[in-house]
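This report concerns the nonpolar cores and the enclosed space of a predicted model. The sequence and structure are shown first.

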Amino acid sequence: MRLLHTSDWHLGRSFHRVSLLSAQRAFLDHLVETVRERDIDAVLVAGDVYDRAVPPLAAVELFDDALHRLAALGVPTVMISGNHDSARRLGVGAGLMEQAGIHLRTDPAGCGTPVLLADAHGPVALYGLPYLEPAMVRDALGARRADHAEVLGAAMERVRADLAGRPSGTRSVVLAHAFVTGGAASDSERDITVGGVASVPVPVFDGVDYAALGHLHGCQTLTERVRYSGSPLAYSFSEAGHRKSSWIVELDADGAVQAERVDCPVPRPLARIRGPLEELLEDPEQDRHEESWVEATLTDTVRPHEPMARLARRFPHIVSLVFDPDEEPGRSAASYAQRLRGRSDQEIAEDFVEHVRSGRAVDEQERTELRSAIDEVRVDDMVAEVAR
């Protein structure tokens, strides 16, 4: 059986306030074409279909169109809710959709009830484990503690119990949305830490032929049978080095796994550039980034004038600007808090200005304006005290 494993679509998400709707549409076009051209038997979507619990209408329409196109191909789709989704909203109409081959698994109580498919070698049971928020599902799953490992372990016990009652030779696949130990995170995943622990161990998935994971945005192989597909698009600059892809997973007659990565379309490459402003504006090595989405980190010791506007003339798709000035030789390494001790309000204000301007002290006009502002605050405080 040939499965297409994908996850973390995050429909409706933007990238530094730039809409990604057209890029997400291009990915879904690519997904449908892959299903058609590679004779996929089932599509697996391991959670975070939407970026938020109440998605914008355009994202819902994109989702609806994708489901119609997959259903028209006659290829079953198994989909779980992730931590970004509203499980109840995503699950609305699940019973009707099932008749069209779209299997939404959003209720933790259904962890042990598989979608049953078959090929020439016999049955394949596909179990959908939606994102399990420990405090909310602990009692329903009979877990001993409200943590990720316990609730996911309890859900997997239901999977193994159901599988034990199936005919010998039944192959099995689990979809899960979790942070599994050994996976590499990025900046764009929402923290799911509970009690100081976010991850679950790989052996929790023992007993099934393949675990199709979602939540982490990098495509990763934890074992031959436990993999993340990653997100189809980059959602933060921490993903600049990611190769965005899906997995085509083949289960043979004995449940052995062969996996192939299929690259997703890239709407625009990401680039992180760093250095003094003038160097970034003039360096010919930066030519290759002129059509990229750019995050520029400026290392100038004094903040330049209108840096974003100047950078945008060379890099029209710059979306992020960071300041990380190089330390000047001989500059004190003492902490800002240490430098405040025993100083007057005026001196503190002047020190603050110098600190945020990377060592450039205030001039006489600025000193006068600071003194005037401090005096006005003092007067206001005195008036307020009298009024009380």
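Helices, such as the α6 named below, are DSSP runs of H or I with at least four residues, and they are numbered from the N terminus. With that convention, the largest share of the lining of the largest cavity comes from α6, which supplies three residues.

A search of the whole structure returns one cavity of 30 Å³ or more. The largest cavity holds about 80 Å³ of space. Its lining consists of P130, Y131, L132, H148, V151, L152, H177, A178, F179, A198 and V200. By class, these lining residues divide as follows.

| Class of lining residue | Number of residues |
|---|---|
| Nonpolar | nine residues |
| Polar | two residues |
| Charged | no residues |

In soluble globular proteins, nonpolar side chains tend to be buried together. The largest nonpolar core of this model contains 29 residues, and L129, L152, M156, V174, F205 and L213 have the most contacts inside it. At least two residues of this core come from each of β8 (122-129), α5 (134-141), α6 (148-164), β9 (171-177), β12 (210-214) and β14 (226-228). The greatest contribution is that of α6, with seven residues.

Within this part of the model, F205 is in contact with L152, M156, R160, V174, A176, V180, A211, L213 and V226, when residues up to four places away in sequence are not counted. Apart from the largest core lies another, of 28 residues, which includes L4, V49, M79 and V262.

L152 belongs to both descriptions: L152 is among the residues with the most contacts inside the largest core, and L152 also lines the largest cavity.

Definitions and conventions: Residues numbered from 1 in each chain as written. Predicted model: local features only at pLDDT ≥ 70, side-chain atom pairs only at ≥ 80, totals over all residues. Heavy atoms only, no water. Core = buried A, V, L, I, M, F, W, Y, C linked by side-chain atoms within 4.5 Å. Buried < 20%, exposed > 50% of the residue type's maximum accessible area, 1.4 Å probe, protein only. Contact = heavy atoms within 4.5 Å. 1 Å grid on protein atoms, 1.4 Å probe; cavity = no way out; pocket = protein on both sides within 12 Å on 5 of 7 lines; lining within 4 Å. Points joined across faces, edges and corners; volume = space filled by probe spheres on them. Nonpolar A, V, L, I, M, F, W, Y, C, P; charged D, E, K, R; others polar.
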